[in-house]
Amino acid sequence: MARKRRGTPIHGWLNIDKDAGLSSAQVVGRIKRITNAQKVGHAGTLDPFATGILPIALGEATKTVGYIVDETKEYRFTVRWGEARNTDDIEGEVVRSSDIRPATDEIQKLLPEFIGTIRQQPPAFSAIKIGGERAYKLARAGADLDMPVRDVHIESLSLIRVIDNDHAIFEVSCGKGTYIRALARDMAIKLGTVAHLSTLRRVRVGPFSEADAISLDKLAKLWQCPAKFVDLLPLTTALDDIPALAVTEPEAFRLRHGNDVAVPNQEDGVVCAMEGDIPVGIAKIESERLYPVRIFNL
């Protein structure tokens with residue numbers, strides 16, 4: 001007999017504004033304690049020193065995490081010129097220095113070179129696996145890593161403000177797998193200097209923005225009366241870009257039991273099958289047949 005899962009069955013998304021100093025895993029742990037949810041997961045790791053949007057999936061919403069991870073993300077970050085650190089951020093040790101400070105017009109002229117699909121080498125202190133081990137573990141052990149270069153996509157990159165000779169604030173919109181620490185490092189190299197990130201804030205992940213995000217402290221206070229809690233977003237929040245397809249009760253029954261159903265005159269593609277207001281699951285249409293891909297146990 002299957003073991004009963006501990007906790008409360010809660011299904012949906014939380015738009016968390018993460019504080020600095022917490023890892024993504026620590027945020028998940030805090031939310032488990034606050035909500036007593038049976039299952040909790042995050043969509044996209046955020047470095048401990050960084051702040052901002054960390055979408056949290058509860059219950060059956062964890063089955064849609066992959067769709068948020070693939071979404072466009074937006075960041076606001078501060079570059080500290082003239083000082084390179086081994087982690088490419090403020091938490092690392094200084095490894096190189098430079099007296100060169102780029103002028104504002106030099107920075108502006110450079111930005112177009114980093115828009116579009118670019119080649120990027122991730123930082124050694126990252127979660128990428130090298131030979132089955134996390135790169136950051138190998139880097140901490142003193143290994144000299146040759147990180148694999150890969151393509152990433154930058155939709156937009158803007159200089160927001162030059163604070164002083166040492167610091168400048170930028171905003172970027174980018175695709176999956178982009179390291180903002182590496183972006184700052186590479187911009188500095190092109191400008192003939194070195195740099196690291198002194199601040200990093202994620203302001204948007206797909207449909208999740210900082211305008212309606214809540215802190216862990218606020219969540220803890222609000223969850224004292226969970227029956228009235230209004231900040232839990234629906235499971236389908238992650239599926240905004242996927243068309244919904246209405247199915248009947250008998251069709252929903254078949255899908256939930258792993259069977260396909262006929263969908264005449266429907267084009268091939270991925271859809272979210274809906275029985276009224278209840279999401280049945282993610283399904284795929286092929287040759288006018290609807291096949292279940294991921295069913296929600298609601």
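Me: Phe170 caught my eye first: is it buried or exposed?

Reply: Buried means under 20% relative accessible area, exposed over 50%, and partly exposed in between, with a 1.4 Å probe on protein chains only. Phe170 has a relative accessible area of 0%, so it's buried. Bear in mind that this is a predicted model, where local features need pLDDT of at least 70, side-chain atom pairs count only at pLDDT 80 or more, and totals for chains, interfaces and linings use all residues. Numbering runs from 1 along each chain as its sequence is written, and side-chain values use heavy atoms, leaving out hydrogens and water.

Me: How many aromatic pairs are there, then?

Reply: Rings of Phe, Tyr and Trp (its six-membered ring) pair if their centres lie within 6.5 Å; planes under 30 degrees apart are stacked, over 60 edge-to-face, and the rest tilted. That rule gives three aromatic pairs here. One of them is Phe77 with Phe170: centres 5.4 Å apart, planes at 15°, so stacked.

Me: Where in the chain do those two sit?

Reply: Strands are DSSP runs of E, at least two residues, numbered from the N terminus. Phe77 is in strand 4 (residues 73-81) and Phe170 in strand 11 (residues 167-174), so the pair links distant parts of the chain, 93 residues apart. Phe77 is buried too, at 0% relative accessible area.

Me: And what kind of pair do Trp81 and Phe170 make?

Reply: Edge-to-face, because their ring centres are 6.3 Å apart and the planes meet at 80°. Trp81 lies in strand 4 and Phe170 in strand 11, so this pair ties together parts 89 residues apart in sequence. Trp81 is buried at 2% relative accessibility. Put together, Phe77, Trp81 and Phe170 form one aromatic cluster.

Terms used:
Helices (H or I, at least four residues) and strands (E, at least two) are DSSP runs, numbered from the N terminus.
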